[in-house]
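User: Hi! I'm new to reading protein structures, and I'd like to work through this one with you step by step. Could you help me?
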Amino acid sequence: MKQQTEKYARLAQKHRDEILTAEAFIWAHPETGFKEWQTGAYMEQVFEKAGYSLCKAGNIPGFYTDIDTGRPGPKLMILCELDALAMPDHFAAVDGCAHACGHHAQCAAMVGIALALREEGALDGLSGSIRLAVVPAEEEIQLDF
């Protein structure tokens with residue numbers, strides 16, 4: 001198990017710049033629930049550039065993609081949330097919104113996972129499939145300020 005953990009840490013480390021760039025961009029562009037079009041587009045661009053085929057809802061932000069290891073087994077889903085909160089008094093608020101619950105970091109982690117899983121040998125030793133899901137708000141839809 002430790003070897004696998006170290007393997008994925010190395011694979012993700014190769015994409016450190018992309019991970020940190022994603023975190024900074026999403027932090028600076030907070031959007032409330034089901035209005036995360038800019039954040040969703042950013043994530044789509046990262047995934048599509050990496051060669052993923054995306055399944056989009058169309059009328060709401062977000063998407064998912066499936067990775068098949070080619071071996072039978074369970075389906076694991078990893079998700080990240082796009083939304084920020086309406087928090088006009090937050091020190092980093094932009095247009096009354098801020099990433100006060102860490103979804104910018106979830107998205108950055110997802111960038112690392114998605115890119116690492118594209119590396120040669122990343123799927124060696126895995127079975128089943130992995131669904132990477134980039135989803136809108138899970139809490140509630142918030143009003144704009």
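User: Let's begin with two strands. In which sense do E1 and E2 pair, parallel or antiparallel?

Analyst: Happy to help, and please keep in mind that this is a predicted model. One pair of residues to look at is cysteine 55 and its bridge partner in E2, tyrosine 64. E1 and E2 are joined over two bridges, and the sense of their pairing is antiparallel.

User: Which strand does E3 pair with in the parallel sense?

Analyst: Start from isoleucine 78, which stands opposite leucine 132 in E6. Strands of a sheet pair through backbone hydrogen bonds, and they can run parallel or antiparallel. Here there are seven bridges in the parallel sense, and the partner of E3 is E6.

User: Over how many bridges do E2 and E6 pair?

Analyst: You can find one pair yourself: aspartate 66 has arginine 131 in E6 as its bridge partner. The two strands pair in the antiparallel sense, and the number of bridges between E2 and E6 is six.

User: In what order do the four strands form the open sheet?

Analyst: Let's put the pairs together: E1 pairs with E2, E2 with E6, and E6 with E3. The pairing in the sheet is mixed. E1 and E3 stand at the edges with a single partner strand each, so one side of each has no neighbour in the sheet. The order is therefore E1-E2-E6-E3.

User: At about what angle to E2 does H3 run?

Analyst: Helix H3 covers residues 37-49. H3 lies across E1, E2, E3 and E6, and its angle to E2 is about 20°.

User: And which strands of the sheet does H4 touch?

Analyst: H4 is the helix at 103-116. This helix packs on the sheet, with a direction that makes about 140° with that of E3, and the strands it touches are E3 and E6.

User: What distance do the end C-alpha atoms of H3 have between them?

Analyst: We can predict it first. H3 has 13 residues, and at 1.5 Å a residue it should span 18 Å. The model agrees with that expectation, because the end C-alpha atoms are apart by 18 Å.

User: Which elements cover the buried residues of H3?

Analyst: The buried residues of H3 are Thr39, Gly40, Tyr42, Met43, Glu44, Val46 and Phe47. An α-helix has 3.6 residues a turn, so residues three or four places apart point the same way. The covering elements include H2, E1, E2, E3, H4 and E6.

User: Which helix gives the most to the largest nonpolar core?

Analyst: That core has 27 residues, and Met43, Phe47, Tyr52, Leu132 and Val134 have the most contacts inside it. H1, H2, H3, E2, H4 and E6 each supply at least two of its residues. Methionine 43 touches Cys107, Met110 and Val111, among others. With seven residues, the greatest contributor is H4.

User: With which side chain does the side chain of glutamate 44 make a polar contact?

Analyst: Glutamate 44 is in helix H3, where it is one of the buried residues. Leaving out residues up to four places away in sequence, it touches Leu54, Lys56 and Phe63. The polar contact, at 3.3 Å, is with lysine 56.

User: Is lysine 75 buried, exposed or partly exposed?

Analyst: Lysine 75 is in strand E3 and touches Asp66, Ser129 and Arg131, not counting residues up to four places away in sequence. Exposed needs over 50% relative accessible area, and buried under 20%. Lysine 75 has 49%, so its label is partly exposed.

User: How far apart in space are leucine 123 and aspartate 68, C-alpha to C-alpha?

Analyst: Leucine 123 is in the loop between H4 and E6. It touches Asp68, along with others including Tyr8 and Ile67. The two residues are 55 residues apart in sequence, but in space their C-alpha atoms are apart by 8.8 Å.

User: What is the phi of aspartate 95?

Analyst: Most residues other than glycine have a negative phi. Aspartate 95 lies in the loop between E4 and E5, and it is exposed, with a relative accessible area of 70%. Although aspartate 95 is not a glycine, its phi is positive, about 50°.

Terms used. Residues numbered from 1 in each chain as written. Predicted model: local features only at pLDDT ≥ 70, side-chain atom pairs only at ≥ 80, totals over all residues. Heavy atoms only, no water. Core = buried A, V, L, I, M, F, W, Y, C linked by side-chain atoms within 4.5 Å. Buried < 20%, exposed > 50% of the residue type's maximum accessible area, 1.4 Å probe, protein only. Contact = heavy atoms within 4.5 Å. Expected span 1.5 Å × (residues − 1). Pairing = 2+ DSSP bridges. Axes fitted to C-alpha atoms, helices over the stretch in contact; angles between N-to-C directions. Polar contact = N/O pair within 3.5 Å; in protein donor to acceptor, adjacent residues only side chain to side chain.
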